[in-house]
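Biologist: Please take one part of this structure and examine it closely, beginning with a single residue and working outwards to whatever surrounds it. What does the model show there?

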There are 2 protein chains.
Amino acid sequence: MKQYKAYFIDLDGTMYRGNESIPGAAEFVERLRIQSVPFMFLTNNSSSRPEQVAKKLNNLGIAAQHGQVFTSSLATASYLTSLQEKAKVYVIGEEGLYTALEQEGHEITDQGADYVIIGIDRNISYEKLSLACLNVRNGAKLISTNKDAAIPTDRGMLPGNGALTSVVAVSTGVEPIFVGKPEAVAMELALSRIGLEKSEVLMVGDNYETDILAGINAGLETLMVETGVSSFKDIQNMVKQPTYKVKDLYDWLKQ
Amino acid sequence: MKQYKAYFIDLDGTMYRGNESIPGAAEFVERLRIQSVPFMFLTNNSSSRPEQVAKKLNNLGIAAQHGQVFTSSLATASYLTSLQEKAKVYVIGEEGLYTALEQEGHEITDQGADYVIIGIDRNISYEKLSLACLNVRNGAKLISTNKDAAIPTDRGMLPGNGALTSVVAVSTGVEPIFVGKPEAVAMELALSRIGLEKSEVLMVGDNYETDILAGINAGLETLMVETGVSSFKDIQNMVKQPTYKVKDLYDWLKQ
């Protein structure tokens, strides 16, 4: 098997499901740590700060530092900075998105925004959606952390950020720019952060539509695990196949 | 000019804008009343009960009884009854929609719904959207009062019910059935309510995409007024033209 200089690793469905770690996940990360192979966790979850994500991983026995967590909120804030150094932004989102934008020095406002930035917000309201629409109709560009239509929870599949973003997109007729997986934007930012070329990094994930396509779209080789959303059967007729497929990360460690 | 046996009349942009009546509106309705020509107000607004709409019209000097007001909520409740006599429904909406569904004898529930019914809800929440998605994923059919992407307000164009509905449609991948204008469903129910054939009724409205297309889709002749959303210039290249176009209803009364 090819040796990679680094790994990008998805979280939900790859490292854990809800509050339970997935068999092989901790062992896989521990092997990378022992071999001093760099890795970065790439998650479309925009709600939490990297410190909170790292803490969750640590509680599940997975060694991670906050600098190894690259959320769609960090990617979005970083992407925004590349467009405009200090932007006025109207934000729908949770703590992770607000913190990321503020840390990049962007100014949060209700009116006259240059950009409307949308991430998952479990306290979404008509007033928030209205302010987003008014700013977009007033010329603000529309950026969304990720286009996941649904998110898995204990109760079932609940609305994801892509579904919430559609309110503003449908109402204004303006197409959003999505940043997170499977967009190449997030992957290019992650590569730049880790300082490696796409050929040197393996993208590991369970979700064909986000993780695997993110890798393929950005020109990375990919490893699909069958511990989350997508099954091998689901993807058997896809033209673009992952480079590797394994039942779980135990299987990968055996190869 | 052809004599029509009845008129279907739009409200917002045709009878009033916000809380102001539109010139010629009261006189037009008064003429119909004096000539004993039946008329019915057809509105995509699902939030109010017919009594509330009639009261608003009366306050603006426009003679109307609640029986002459056919909202998209009444149309939706009536359409639902045609599909299933007593249905279990999960509802997102305001007073007008709840009242209409209850008056038709449908049972409102959070779980195990046969249908999810969505109308404009200015108290929308993530929990409401989640329950809608869970019911749809559990097999409930998705019906929406109307697909208006935006609604005009004093603050500007705010999200309409079509935009809110898109959260559930995008998240579940299930296409909604829309009832209100420009769908033929609402028009056929209105014709049945007034007891006339489509050739006997003129549809009057300001919005090409909703009012005029509703008439055209259902086979009615149409009168477009330029007092609301659409201008003659907007529609000059449309293949399907309204039967008549007037600046305002004063102009129509002169013909």
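Modeller: In this predicted model, B:Val168 is in contact with B:Ile118, B:Leu129, B:Ala132, B:Cys133, B:Val136, B:Leu142 and B:Gly173, when neighbours within four places in sequence are left aside. B:Val168 itself belongs to helix H6 (residues 161-172) of chain B. Among its partners, B:Ile118 lies in strand S8 (115-118), and B:Leu129, B:Ala132, B:Cys133 and B:Val136 lie in helix H5 (126-137). B:Leu142 is contributed by strand S9 (141-144) of chain B.

These contacts belong to a wider setting. B:Val168 is one of the residues with the most contacts inside the largest nonpolar core, which has 42 residues. The others named for that role are A:Val116, A:Leu129, A:Val168, B:Val116 and B:Leu129. Both chains supply this core: strand S6 (88-92), S8, H5 and H6 of chain A, together with S6, S8, H5 and H6 of chain B, each give two or more residues.

Helix H6 also takes part in a contact between the chains. The axes of H6(A) and H6(B) come within 8 Å and cross at roughly 145°, and the crossing is right-handed. From H6(A), the contact is made by A:Gly162, A:Ala163, A:Leu164, A:Ser166, A:Val167, A:Val170 and A:Ser171. From H6(B), B:Gly162, B:Ala163, B:Leu164, B:Ser166, B:Val167, B:Val170 and B:Ser171 take part. By class, there are 8 nonpolar and 6 polar residues in this contact, and no charged ones.

Within its own chain, H6(B) lies across S8, S9 and S12 of chain B, running at about 170° to S9(B). These strands belong to an open sheet of 5 strands in chain B, with the order S7-S6-S8-S9-S12 and parallel pairing. Its edges are strand S7 (107-108) and strand S12 (177-178), each of which pairs on one side only. At the S7 edge, S6(B) and S7(B) pair in the parallel sense over 2 bridges, and B:Lys88 stands opposite B:Glu107. Helix H4 (residues 95-103) of chain B lies across S6, S7 and S8, at about 170° to S6(B).

A hairpin is found at lower residue numbers than H6(B). Strand S10 (residues 150-153) and strand S11 (residues 156-159) of chain B run antiparallel and are joined by 4 bridges. The hairpin that S10(B) and S11(B) form has 2 residues between them, and B:Thr153 has B:Gly156 as its bridge partner in S11(B).

On the other side in sequence, the S12 edge leads towards helix H7. Between S12 and H7 of chain B is a loop that holds B:Pro182, and a cis peptide bond joins this proline to B:Lys181, with omega about 10°. Chain A has a cis peptide bond between A:Lys181 and A:Pro182, with omega about 10°, and A:Pro182 is placed in the loop between S12 and H7 of chain A. As background, most peptide bonds are trans.

Beyond that loop, helix H7 (residues 184-194) of chain B has B:Ala186, B:Met187, B:Leu189, B:Ala190, B:Leu191 and B:Ile194 buried. Their cover includes strand S1 (6-9), strand S4 (39-43), strand S5 (69-71), helix H3 (72-83), strand S13 (201-205) and helix H8 (208-218) of chain B. Just after H7(B), B:Gly195 takes a positive phi of about 70°. In chain A, the buried residues of H7(A) are A:Ala186, A:Met187, A:Leu189, A:Ala190, A:Leu191 and A:Ile194. A:Gly195, just after H7(A), has a positive phi of about 75°.

Strand S4, part of the cover of H7(B), follows a loop with a further backbone feature. B:Ser36 lies in the loop between helix H1 (25-34) and S4 of chain B, and its phi is near 55°, a positive value in a residue other than glycine. B:Ser36 counts as exposed because its relative accessibility is 65%, above the 50% limit for that class. In chain A, the phi of A:Ser36 is also near 55°, and A:Ser36 is exposed at 63% relative accessibility.

How values were computed
Residues numbered from 1 in each chain as written. Chains lettered and ligands numbered in written order. Predicted model: local features only at pLDDT ≥ 70, side-chain atom pairs only at ≥ 80, totals over all residues. Heavy atoms only, no water. Axes fitted to C-alpha atoms, helices over the stretch in contact; angles between N-to-C directions. Left-handed = near helix turned anticlockwise from the far one by under 90°. Contact = heavy atoms within 4.5 Å. Nonpolar A, V, L, I, M, F, W, Y, C, P; charged D, E, K, R; others polar. Core = buried A, V, L, I, M, F, W, Y, C linked by side-chain atoms within 4.5 Å. Buried < 20%, exposed > 50% of the residue type's maximum accessible area, 1.4 Å probe, protein only. Pairing = 2+ DSSP bridges.
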